[in-house]
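Trainee: I would like to go through the labels used for this model and see what each one rests on.
Mentor: Then ask about them in turn, and each value will be set against its cut-off.

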Amino acid sequence: MKASLAPAWGWREPHGGRAVHVEAGAEFQATTTQACGLFPFVAGSGSPAIGTPIGRHQLFGEVVCLDPLAWLRAGLVTNPGVFVLGQPGTGKSTLVKRLIIGAIATGSTALILGDTKPDYTMLVEHVGGQVIRVGRGLDRINPLDAGPLGGAVRNLRGAEAERMRWEMRGRRLSLLMALCTLVREAPISNAEEVILGRAIDLLDERLATPTVPDVLAVLEEGPEALRSAARTDRPERYRERVSDLVFTLELLCTGSLAGVFDGPTTRPIDLTAPAVSVDISSVGAGSDKLLTAAMLCTWAYGFAMVDSTAGERRSYLGVMDELWRALRGAPGLVEYADSLTRLNRAKGMASIMITHSLADLEALPTEEDRAKARGFIDRSAITVLAGLPPRELARVSEITRLTKPEQELVASWSAPDSWQPGARHPGRGKYLIKTGDRLGIPVELSLVGIEHELYDTDQAIR
């Protein structure tokens, strides 16, 4: 009976396709960089193996690592900014928590600057970090507290001390102006800015750490230096010029923001902690103004901490979650956030900004604010996309170019394809990492060990 499978050299019969000689295939030895050009079956150059392991490549199965500071040192990116964008429930905070653990393990200090839910408290406590709970009857933040930066100034001499003093003054004035803008829902005038700056200078001569009530008191006192700044020597004319400003500061002390920003800081940031989280979830139950003010003060306090260690070989990972909630409070607040985050690279600090949709940024009150808000994602060298609908991906493509297959992949993660109860969301733990015009890296994160408990943000729902 004839075999159904031909022998290696063909059938041994006429017209059986018998080959008299089969030449051995050519063998080559080369590096992967050279050998990939021999045949058209070419794969990509592989995923970066630098940084914190965050999961496996969805196409090739290899481990994908991410660390903005490590990627910057390796020359893979030009700045350590990360912008995370995705629908609620797709695992944005899970990815960020993995990056926080990796940053702490490699010696960086994690700063969660305004935890609104809170999502990060359990994790920070687990690693032995510091949790500051801001709210009425809880911890208080003084907007004019320079934090560790104030102590650093007192220990310096000469030109460097003078430079740091001007930096501290600028930070105090900028934050106080931002809070006044928030309360008033309109920017303060140039004259009011001059008067506020002179009031801060006077208090800096009298007090180590002034408070908002101190500023209010010195404005009502109206010393000669402030009357000079107001360009008048008559007390009644001076009172007319500062009347709006006085009522604005009074609202900071006795209005909807009372009890949170009207006194000394109760718990200073611990510079020795591996991670610091400022929990403002209690504030979030109040008005949007209160929450915005809490986020602005938290950002200022956290960045002052980073500035106070300038010159030391330290690195930081700053997390700015719910970004849109801080920016929409009043016109002009985007400018303040932009000035805080623009120079992170020079400070040895990586920043992670998280939001749900670019539509959140498009809802800002003025076109100038919207343009600056789009600059946040434009200046972030690394963009991480979780599940997003096609309309949102079209907005993203205007800033970070996405190929059609990339858009289809991310869109497929945006909604379940079944009504079956208990089905896993198709986008949970899946991300596309984009850097510049490179093809994106699709990665899927898998939790291990205690991460299932520490990273779970759905406990309250269950």
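**Labels and their grounds**

Mentor: The protein chain has 19 helices and 11 strands. The model is predicted, and buried residues make up 49% of the 462 residues in the chain.

Trainee: What makes a residue count as buried?
Mentor: A relative accessible area under 20% earns that word, and a value over 50% earns the word exposed.

Trainee: Why is R231 called exposed?
Mentor: The relative accessible area of R231 is 64%. The cut-off for exposed is over 50%, so R231 is exposed. R231 sits in the loop between helix 9 (224–229) and helix 10 (235–254).

Trainee: What is notable about the phi of R231?
Mentor: Phi of R231 is positive, near 60°, and the residue is not a glycine. Most residues other than glycine have a negative phi. E185 is also a non-glycine residue with a positive phi, about 60°.

Trainee: Where is E185?
Mentor: E185 lies in the loop between helix 6 (158–184) and helix 7 (190–206), just after helix 6.

Trainee: How do you know that the span of helix 6 is close to the expected one?
Mentor: Helix 6 has 27 residues. The expected span is 1.5 Å times one less than the number of residues, which gives 39 Å for this helix. From the first C-alpha to the last, helix 6 reaches 39 Å.

Trainee: Why are helix 6 and helix 10 called roughly perpendicular?
Mentor: They pack at an angle of about 90°, with their axes 9 Å apart. Angles of 65 to 115 degrees count as roughly perpendicular, so the label applies to helix 6 and helix 10.

Trainee: Which residues make that contact between helix 6 and helix 10?
Mentor: From helix 6 come L176, L179, C180, V183 and R184, and these meet D244, L245, T248, L249, L251 and L252 of helix 10. The residues of this contact divide into 8 nonpolar, 1 polar and 2 charged.

Trainee: What makes M177 count as in contact with residues further along the chain?
Mentor: Contact requires heavy atoms within 4.5 Å. Leaving aside neighbours within four places in sequence, M177 of helix 6 is in contact with I188, E193 and L196. M177 and L196 are 19 residues apart in sequence, and their C-alpha atoms are 8.3 Å apart.

Trainee: How many of the contacts in the chain join residues at least 24 apart?
Mentor: Among contacts between residues at least 6 apart in sequence, 71% do.

Trainee: Why are helix 17 and helix 18 called oblique?
Mentor: Helix 17 (residues 390–397) and helix 18 (residues 404–411) pack at an angle of about 140°, with their axes 10 Å apart. Roughly antiparallel needs an angle over 145 degrees, and roughly perpendicular covers 65 to 115. The angle fits neither, so the pair is oblique. The crossing of helix 17 and helix 18 is right-handed. P390, L393 and S397 of helix 17 make the contact with Q407, V410 and A411 of helix 18. These residues divide into 4 nonpolar, 2 polar and no charged.

Trainee: What makes the peptide bond from K117 to P118 cis?
Mentor: Its omega is near 0°. Most peptide bonds are trans. P118 is in the loop between strand 4 (109–115) and helix 4 (121–126).

Conventions. Residues numbered from 1 in each chain as written. Predicted model: local features only at pLDDT ≥ 70, side-chain atom pairs only at ≥ 80, totals over all residues. Heavy atoms only, no water. Helix = DSSP H or I, 4+ residues; strand = E, 2+ residues; numbered from the N terminus. Buried < 20%, exposed > 50% of the residue type's maximum accessible area, 1.4 Å probe, protein only. Axes fitted to C-alpha atoms, helices over the stretch in contact; angles between N-to-C directions. Parallel < 35°, antiparallel > 145°, perpendicular 65-115°, else oblique. Left-handed = near helix turned anticlockwise from the far one by under 90°. Nonpolar A, V, L, I, M, F, W, Y, C, P; charged D, E, K, R; others polar.
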